[in-house]
Amino acid sequence: MVVTAEGALYDVVVIGGGPGGYATALYGASAGLSIAVIEREKVGGTCLHRGCVPAKAFLETASVYRTVSSSKDYGVEAGQPSVDFAASQDRKQKVVDQLYRGLSGLLKGRGITVIEGSGTLLGPAGTGASGTGIDAAGPGHGPTGFVVRVERPDGTMADVSGRYVVLAAGSVPRSIPGFDVDGKVVLTSDEVLALTSLPASVAVIGGGAIGCEFASMMSDLGTQVTLLEALPGILPGCDDDIAAVVSRSFRKRGIAVHAGVQVSGHDPLPGSSGTKVSFGDGQSVVVDAVVVSVGRRPASEGLLAEGTGVEVDSRGFVVVDQFQRTAVEGVFAVGDLIDTPQLAHVGFAEGIATVKAILGEPVIPVDYGKVPWCIYCHPEVAFAGLTESAARDAGYEIVVKKDPFGGNSRARIVGETDGLVKVIAEQLPSGKAGRILGVHMVGPWVTEQLGQGYLAVNWEATPDEVAQFIQPHPTLSESFGETVIALTGRGLHVG
Ligand code: NAI
């Protein structure tokens, strides 16, 4: 095996160019660090190429379809719309390609070296410490340096050296026994996002964020959807009132939602492209395709050579402390590779915190219980902080107020009244509402409305403080303001 040494000694070598990795690189380069990013596919990662961005592009197609379908109600005659999913696929790809070009240019502009290939962190024999001759005194107090071996697409090997290494290899879809992903009948999010036409019928296994977004999008665009969730309700982790609104909306739109059911397997039908999916107590459904959305697993295989000392848990997650430090000083891990919420923006936050730690600056660890969550199904879901049941389980005495969007004038104007805002605050001994513990929203454009709620939760603000702020009228965000005013004990429209 011929191994060449690639370039200089970088301050930081990042393995993986998804949100966790590229945020580390951009923030680090802004702070003056020299950075190399090793990426085997395209920078942007799952989020840009096979996740957040393409999924939301298709959900936008669904939104346009809904709008056009109901245009008559608004006095606009547009006829009956039809779906050309290949055109939607083209548009999605244009959006992705533009963002990819933008990101590549940004990395280049910051002087970040992107090296194409698969990176493996070498063990002690490959580190500067044991004699590769790297003078690796880090900025101020750094460790002795590391070598990452890169297998390039043409099979050649190159060694890239860094004072610090950030592991950011991301995650891949999980499957379940009995559902071998073939890209034709059994699909994961990777395959769904590459479709040029939609199946007539589909069983979606897993009612989490991905399952609900796909179920919503496909159903809106004419696919008959059956949603199968093992737990007692869809969107586990969301507040019960919020999940109930989505569940009701799904059922109203003809999605067959089965919660609390185990899926036992599927049998392709002879002489047809369909398959029979068995679930629950002897139930089954015949569908053209199955979408498996039962979570994602960390992509840690091949990332670490023997004896690096970096710890990996039984599920494949790289083990880190609250500062993203692995068991090896100077090696950090961020993003879906570690056991924290698998969200692009959490990866960004972890990348920023990691760079600060490398620079020896004070770091406020990411507060994982208070990160913003946004799910883009219809109706949308957005929340930060404790759900009502989690707050009670944690032993809080609480006060809860809710404002349904049905009473919001802007929601009436846009014709999207399904949903509500729910705010949970700690109850003080006086009976008044204290710190805001959780803000939960379901309804129109709530993913764009969460900001105030997120700030309130993370600022540990009280309703008295937040209620001082004026909400413009008529806006959807008035529902948040109304809910908070109600928590002060004197509601306007909400009692
Ligand atoms: P998830 O963990 O959010 O949901 C998986 C669901 O599948 C769970 O409800 C689980 O109970 C269910 N499940 C597991 N095994 C099952 C089985 N055998 N039969 C039936 N149901 C089963 O995972 P998901 O939706 O695949 O998403 C992966 C990650 O990506 C998550 O961490 C998610 O938060 C993130 N993501 C976030 C998005 C967003 O915030 N908008 C969008 C897409 C993904």
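Biologist: What makes the pair between Cys374 and the ligand a polar contact?

Modeller: In this predicted model, a backbone N or O atom of Cys374 lies 2.5 Å from a nitrogen atom of the ligand. The cut-off for a pair of N or O atoms is 3.5 Å, so this pair counts as a polar contact.

Biologist: What makes the pair between Ala230 and the ligand a polar contact?

Modeller: A backbone N or O atom of Ala230 is 3.1 Å from a nitrogen atom of the ligand. The limit is 3.5 Å, so the pair qualifies.

Biologist: Which part of Gln342 pairs with an oxygen atom of the ligand?

Modeller: The side chain. One of its N or O atoms lies 3.2 Å from that oxygen atom. That value is within 3.5 Å, so this is a polar contact as well.

Biologist: How much of the ligand does the protein cover?

Modeller: On its own, the ligand has 830 Å² of accessible area, and the protein covers 81% of that.

Biologist: Which residues come nearest to the ligand?

Modeller: There are 26 residues around the ligand, and Ile210, Glu213, Glu229, Gly295 and Cys374 come nearest. A residue belongs here if one of its heavy atoms lies within 4 Å.

Biologist: Which elements give two or more residues to that shell?

Modeller: Helix 6 (209-220), strand 10 (224-229) and strand 18 (373-375) do. Helix 6 gives the most, with 4 residues.

Biologist: How do the shell residues divide by type?

Modeller: Into 15 nonpolar, 7 polar and 4 charged residues.

Biologist: How do you know that domain 2 and domain 3 are in contact?

Modeller: Contact requires heavy atoms within 4.5 Å. By that test, 11 residues of domain 2 are in contact with 14 residues of domain 3. The centres of domain 2 and domain 3, taken over C-alpha atoms, are 31 Å apart. Domain 2 spans 175-294 and domain 3 spans 379-487.

Biologist: What makes the bond from His378 to Pro379 cis?

Modeller: Its omega is near 0°. Pro379 sits in the loop between strand 18 and strand 19 (380-385). The peptide bond from His473 to Pro474 is also cis, with omega near -5°. Pro474 is in the loop between helix 12 (463-466) and helix 13 (478-487).

Biologist: What is the sign of phi at Leu235, positive or negative?

Modeller: Positive. Phi of Leu235 is near 50°, in a residue other than glycine. Leu235 is in the loop between strand 10 and helix 7 (240-252).

Biologist: What is the predictor's confidence in the chain?

Modeller: The mean pLDDT is 95, and 96% of the residues reach 70 or more. Over residues 127-143, though, the pLDDT is below 50. That stretch has 38 contacts in the model beyond near neighbours in sequence.

Notes
Residues numbered from 1 in each chain as written. Predicted model: local features only at pLDDT ≥ 70, side-chain atom pairs only at ≥ 80, totals over all residues. Heavy atoms only, no water. pLDDT = per-residue confidence, 0-100. Polar contact = N/O pair within 3.5 Å; in protein donor to acceptor, adjacent residues only side chain to side chain. Areas by Shrake-Rupley, 256 points an atom, 1.4 Å probe, with all protein chains shown as cover. Nonpolar A, V, L, I, M, F, W, Y, C, P; charged D, E, K, R; others polar. Domains from an automatic or database assignment.
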